[in-house]
Amino acid sequence: MPECLFCRIVAKEIPSKTVYEDGEIYAFEDINPQAPVHVLLVPKKHLAHTLDVTEASAPLLGRLVLAANRIARERGVAESGFRLVVNTNREGGQVIFHLHLHLLAGRPMEWPPG
Ligand code: AMP
Ligand code: ZN
């Protein structure tokens with residue numbers, strides 16, 4: 001999927017600020033942060049969105065949450081609180097069609113979201 005921006009970021013063809021990396025997950029700073037902490041976590045394998053998650057890939061979602069927890073603890077926002085966001089398709093606000101978790105923290109989050 002060479003035309004996918006996040007696949008190219010995972011492949012290091014496009015620069016990003018690495019936050020965390022393992023064999024199947026890459027986390028990096030959002031280029032347009034919406035909070036003092038705004039990290040994106042993606043599976044290295046291309047999945048367009050949550051609708052592409054299968055029984056086989058479902059455990060990967062859990063490991064993305066574990067990685068987000070680790071980053072939240074490292075950034076010192078685990079106890080104060082954070083928000084994980086996954087946008088799916090147009091009305092969900094998805095712009096990049098490579099599945100990603102937004103980890104947002106460092107300010108009070110509002111509800112309902114926009
Ligand atoms: P979404 O609307 O859920 O698809 O979110 C896409 C996110 O990707 C937005 O928060 C953008 O700021 C972020 N983004 C777009 N291009 C880049 C990039 N080159 N590096 C880091 N983050 C990016
Ligand atoms: Zn991709």
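Here's a short tour of a predicted model, starting with its ligand and moving on to strands and backbone quirks.

## Where the ligand sits

Let's begin with ligand 1. You'll find ligand 1 in the largest pocket, with 16 residues surrounding it. If you want to zoom in on the closest of these, look for Asp30, Gly93, Val95, His100 and His102.

What kinds of residues make up that shell? Sorted by class, there are 8 nonpolar residues, 6 polar ones and 2 charged ones. Some of the shell comes from regular elements: helix H1, covering residues 5–10, and strand S2, covering 25–29, each give at least two residues. H1 provides the largest share, with 3 residues.

## Polar contacts with the ligand

Now zoom in on the oxygen atoms of ligand 1. One partner is Asp30, where an N or O atom of the side chain is 2.5 Å from a ligand oxygen. His100 also uses its side chain: an N or O atom there lies 2.7 Å from an oxygen of ligand 1. With Gly93, look at the backbone instead, since that is where you'll find an N or O atom 2.8 Å from a ligand oxygen.

How much of ligand 1 does the protein bury? On its own, ligand 1 would expose 500 Å², and the protein buries 83% of that.

## A hairpin of two strands

Strand S2 turns up again here. Its partner is strand S1, made of residues 18–21, and the two pair in the antiparallel sense over 3 bridges. Together S1 and S2 form a hairpin, with 3 residues between them.

To trace the pairing yourself, pick out Thr18 and look across to S2, where its bridge partner is Phe28. While you're looking at strands, here's a handy rule: in a regular strand, side chains alternate between the two faces of the sheet.

## Two backbone quirks

Which residue has a positive phi without being a glycine? That's Lys12, with a phi of about 65 degrees. To spot Lys12, follow the chain into the loop between H1 and S1.

The other quirk is a cis peptide bond joining Trp111 and Pro112, with omega at about 5 degrees. Pro112 is found in the segment after strand S5, which spans residues 101–105.

Technical notes. Residues numbered from 1 in each chain as written. Chains lettered and ligands numbered in written order. Predicted model: local features only at pLDDT ≥ 70, side-chain atom pairs only at ≥ 80, totals over all residues. Heavy atoms only, no water. Near = heavy atom within 4 Å. Polar contact = N/O pair within 3.5 Å; in protein donor to acceptor, adjacent residues only side chain to side chain. Areas by Shrake-Rupley, 256 points an atom, 1.4 Å probe, with all protein chains shown as cover. 1 Å grid on protein atoms, 1.4 Å probe; cavity = no way out; pocket = protein on both sides within 12 Å on 5 of 7 lines; lining within 4 Å. Sits in = over half its atoms within 2 Å of the grid points. Helix = DSSP H or I, 4+ residues; strand = E, 2+ residues; numbered from the N terminus. Nonpolar A, V, L, I, M, F, W, Y, C, P; charged D, E, K, R; others polar. Pairing = 2+ DSSP bridges.
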